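This text goes through a structure step by step, from strand pairs to sheets, helices and the contact between chains. Please keep the sequence and the 3D view at hand while reading.

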Amino acid sequence: MSKFKKKANVKQDIPTSSMPDVVFMLLFFFMVTTQMRETNINVKQQLPEATQLKKLARKSLVAYMYIGEPKKTEEWGKEPKIQVNDVFIEPKDVIQWVNQEKAKLQEFERDQMTVSMKVDVDAKRGIIADVETELRKANARLLLYSTLQRRVDN
Amino acid sequence: MPRATPDIPNASMADIAFLLLVFFLVTTTVANDRGLAIQLPPPPEALPPDMDIKIQERNLFKIQVNSFDNVLVEGNPFFGTPSELRDMIKEFVLNNGADPTSSDNPEKAIVSYKTDRGTSHKKFIEILDAAQAAYYQIYAERADVSVKKWLELSSDLANPENKRLYDIGRGRRPDGTVEIPMNLSIAEPTKAGGK
């Protein structure tokens with residue numbers, strides 16, 4: 001029995017003096033990695049799930065487009081809308097937007113620009129196809145349908 | 001008179017730091033730049049007008065989705081899981097003339113994917129994912145890597161080792177053509193459902 005009664009002669013409290021340092025370290029990590037979003041997304045964004053995800057190599061070459069039902073339905077209606085930067089656009093304005101985005105890049109990189117489409121699961125194929133037609137005309141043909149990783153492969 | 005020592009109480013420092021930490025933890029969004037990559041075809045005007053290619057029926061694998069998200073595969077209703085569809089596409093691509101109703105060879109095999117304007121994006125992605133999975137699995141098996149590794153290496157072709165595996169997987173010939181190109185044709189949607 002005495003076997004169990006033996007108390008280890010070791011100090012059991014965790015030193016708390018270094019805790020602020022640890023916390024500060026974490027704090028700096030998150031401060032550095034946090035990116036404040038510059039655009040407010042005004043459409044619903046529940047992304048679909050897929051398994052075969054590819055990662056974009058260079059973020060500077062990506063232009064983002066959001067499609068979904070507007071969050072303020074009383075103001076904008078329930079039909080899915082296209083949002084770029086901070087405004088809603090119509091499919092016919094896509095070419096102009098692509099040209100604006102391309103103008104931000106170096107000349108030799110312009111044909112490598114990828115459009116990342118963040119489309120809500122409930123959006124219909126029709127509006128997306130309209131955008132794709134315009135993207136083809138604008139010669140921005142690299143496209144990424146932004147999705148989440150599906151956990152289980154069924 | 002001794003000068004008062006200006007000291008800051010540092011007992012609460014940890015609390016303040018925690019508060020800030022929690023704030024940044026909550027506001028941090030991990031940028032999600034992952035998804036299904038495709039390349040759109042050139043605009044219709046850029047194609048030569050007389051480009052009316054005849055494709056044999058056997059070399060086409062037709063997937064159709066209507067506005068109710070019902071799927072037709074090769075003309076038959078399909079109720080299976082995406083992985084079943086993936087295996088069907090794989091079989092079709094790698095047929096190499098064995099089955100007379102399936103493809104002649106992977107180079108000629110085309111997966112034709114047609115949706116309706118009323119098809120939901122969710123269904124569209126699900127089927128597209130299955131079709132891409134079929135090709136990526138074929139490539140990965142040929143290059144003898146995992147599918148995950150394949151997806152990684154194919155997005156970084158500047159690395160010569162990645163490029164080498166990529167060419168093995170797709171079967172790149174010296175003249176630049178590819179033995180197993182990803183012939184995935186996404187057609188203009190039909191207009192039956194919705195505007």
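In this predicted model, strand β3 of chain A, residues 62–68, is paired with β6(A) through six bridges, and the two run in the parallel sense. One of the residue pairs can be picked out by eye: A:Ala63 has A:Val115 in β6(A) as its bridge partner. β3(A) also pairs with strand β4 of chain A, residues 81–84, but here the strands run antiparallel and three bridges join them. In that pairing A:Tyr66 is matched with A:Gln83 of β4(A). From β4(A) the pairing continues to β5(A), again in the antiparallel sense and over three bridges. A:Ile82 and A:Ile89, the latter in β5(A), stand opposite each other.

These pairs belong to a wider arrangement. What is the order of the strands in the open sheet that holds β3(A)? Seven strands make up this sheet, and the order is β2(A)-β1(B)-β7(A)-β6(A)-β3(A)-β4(A)-β5(A), with mixed pairing. The edges are taken by β2 and β5 (87–89) of chain A; each has a single partner strand, so one side of each has no neighbour in the sheet.

The order of this sheet includes β1(B), a strand of chain B, between β2(A) and β7(A). β7(A) and β1(B), residues 34–39 of chain B, run antiparallel and are joined by five bridges. Within this pairing, A:Tyr145 is placed opposite B:Leu36 of β1(B).

The contact between the two chains takes in further residues. Chain A gives 47 residues to it, and chain B gives 48 residues. On the side of chain A that touches chain B, at least two residues each come from α2 (19–33), β2 (54–55), β6 (114–119), α5 (125–137) and β7 (142–146). Which element supplies the largest share of that side? It is α2(A), with nine residues. Sorted by class, the side of chain A that touches chain B consists of 24 nonpolar, 10 polar and 13 charged residues.

One of the elements just named, α5(A), also packs against another helix of chain A. Two packed helices are described by the angle between their axes and the distance between the axes. For helix α4 of chain A, residues 94–103, and α5(A), the angle is about 50 degrees and the axes are 9 Å apart. Angles from 65 to 115 degrees count as roughly perpendicular and those under 35 degrees as roughly parallel, so α4(A) is oblique to α5(A). The crossing of these two helices is right-handed. On α4(A) the contact is made by A:Val94, A:Ile95 and A:Val98, and on α5(A) by A:Val131, A:Glu134, A:Leu135 and A:Lys137. By class, five residues of this contact are nonpolar, two are charged and no residue is polar.

Chain B comes next. How many helices and strands does chain B have? There are five helices and six strands, and along the sequence they follow the pattern α-β-β-β-β-α-β-α-α-α-β. The radius of gyration of chain B is 26 Å, well over the 16 Å given by the globule rule for 195 residues, so chain B is more spread out than a compact globule. Its C-alpha trace spans about 105 × 45 × 40 Å along the principal axes.

Chain B also has an open sheet of five strands, in the order β4-β3-β2-β5-β6 and with mixed pairing. At its edges stand β4 (76–78) and β6 (184–186) of chain B, each with a single partner strand, so one side of each is left without a neighbour in the sheet. Direction ignored, neighbouring strands of this sheet are turned by 25 degrees against each other on average.

Within this sheet, strand β2 of chain B, residues 60–65, pairs with strand β5 of chain B, residues 110–114, in the parallel sense over five bridges. B:Phe61 has B:Val111 of β5(B) as its bridge partner, and B:Ile63 stands opposite B:Tyr113 of β5(B). β2(B) is also joined to strand β3 of chain B, residues 71–73, by three bridges, and these two strands run antiparallel. There B:Gln64 is matched with B:Leu72 of β3(B). β2(B) and β3(B) form a hairpin with five residues between the strands, and in this hairpin B:Asp69 takes a positive phi near 65 degrees.

Terms used
Residues numbered from 1 in each chain as written. Chains lettered and ligands numbered in written order. Predicted model: local features only at pLDDT ≥ 70, side-chain atom pairs only at ≥ 80, totals over all residues. Contact = placed C-beta atoms within 7 Å. Helix = DSSP H or I, 4+ residues; strand = E, 2+ residues; numbered from the N terminus. Nonpolar A, V, L, I, M, F, W, Y, C, P; charged D, E, K, R; others polar. Pairing = 2+ DSSP bridges. Axes fitted to C-alpha atoms, helices over the stretch in contact; angles between N-to-C directions. Parallel < 35°, antiparallel > 145°, perpendicular 65-115°, else oblique. Left-handed = near helix turned anticlockwise from the far one by under 90°. Rg over C-alpha atoms; globule rule 2.2 N^0.38 Å.
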